[in-house]
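Let's take a friendly walk through a protein model, from the whole chain down to single residues. Keep the picture in view as you read.

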Amino acid sequence: MELAKIRNWSDDELKTQESQFSEQLFRTRFQAKLGQNEGIKKLRELRKDIARIKTIARERSLGIH
């Protein structure tokens, strides 16, 4: 996901997207453990998107950006 797009989200949207991505990450990990290896790339992308969202939320709380 693009960083500029995430920065345009409101605080509430950040929280909801983070929870949705976390849910998807859980499900993808579960599927990977069951032997469906098609989700490896998706796991990396979800982890990075969650990290981006958390970083932007932290920047806003500190008043950096």
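## What kind of model is this?

Helices and strands here are DSSP runs, with at least four residues for a helix and at least two for a strand, numbered from the N terminus. By that count, the chain has three helices and zero strands. Reading along the sequence, you meet them in the pattern α-α-α.

Please remember that this is a predicted model. The predictor's confidence, pLDDT, has a mean of 91 for the chain, and 98% of the residues reach 70 or more. Confidence is lowest in α1, with a mean of 91, and highest in α3, with 94.

## The chain as a whole

What box do the C-alpha atoms fill? Taken along the principal axes, the box is roughly 45 × 15 × 15 Å. The chain has 65 residues, and 22% of them count as buried. About 5100 Å² of the chain is exposed, with carbon and sulfur atoms supplying 49% of that area.

Charges are part of the picture too. There are 15 positive and 10 negative side chains, and the centres of these two sets lie 6 Å apart. As for contacts, take those between residues at least 6 apart in sequence: 66% of them join residues at least 24 apart.

## Helix α2

Helix α2 covers residues 11–33. It has 23 residues and spans 33 Å from its first C-alpha to its last, close to the 33 Å expected at 1.5 Å a residue. Which of its residues are buried? They are Leu14, Phe21, Leu25 and Thr28. The cover over these buried residues includes α1 and α3. Just after α2 comes Gly35, which takes a positive phi of about 105 degrees.

## Two residues of α2 up close

Start with Leu14, which sits in α2. Why does Leu14 count as buried? Its relative accessibility is 2%, and buried means under 20%, so Leu14 falls on the buried side of the cut-off. If you leave aside neighbours within four places in sequence, Leu14 is in contact with Ile6, Trp9, Ile53, Ile56, Ala57 and Arg60. One of these partners, Ile56, is 42 residues away along the chain, yet the C-alpha atoms of Leu14 and Ile56 are separated by 8.6 Å.

Now look at Thr28, also found in helix α2. Is Thr28 buried or exposed? Thr28 is buried, because its relative accessible area is 11% and the cut-off is under 20%. Leaving aside neighbours within four places in sequence, Thr28 is in contact with Gly39, Lys42, Leu43 and Leu46.

## Helix α3

Helix α3 runs over residues 40–62, which makes 23 residues. From first C-alpha to last, α3 reaches 33 Å, close to the 33 Å expected at 1.5 Å a residue. Which residues of α3 are buried? The list is Leu43, Leu46, Asp49, Ile50, Ile53, Ile56 and Glu59.

Where do these buried residues pack? They pack against α1, which covers residues 3–7, and against α2. You have met some of the names already: Ile53 and Ile56 are among the contacts of Leu14, while Leu43 and Leu46 are among those of Thr28. After α3 comes Gly63, with a positive phi near 75 degrees.

Definitions and conventions
Residues numbered from 1 in each chain as written. Predicted model: local features only at pLDDT ≥ 70, side-chain atom pairs only at ≥ 80, totals over all residues. Heavy atoms only, no water. Buried < 20%, exposed > 50% of the residue type's maximum accessible area, 1.4 Å probe, protein only. Contact = heavy atoms within 4.5 Å. Expected span 1.5 Å × (residues − 1). pLDDT = per-residue confidence, 0-100. Areas by Shrake-Rupley, 256 points an atom, 1.4 Å probe, with all protein chains shown as cover. Lys, Arg positive; Asp, Glu negative; His and termini not counted. Charge placed at Lys NZ, Arg CZ, Asp CG, Glu CD.
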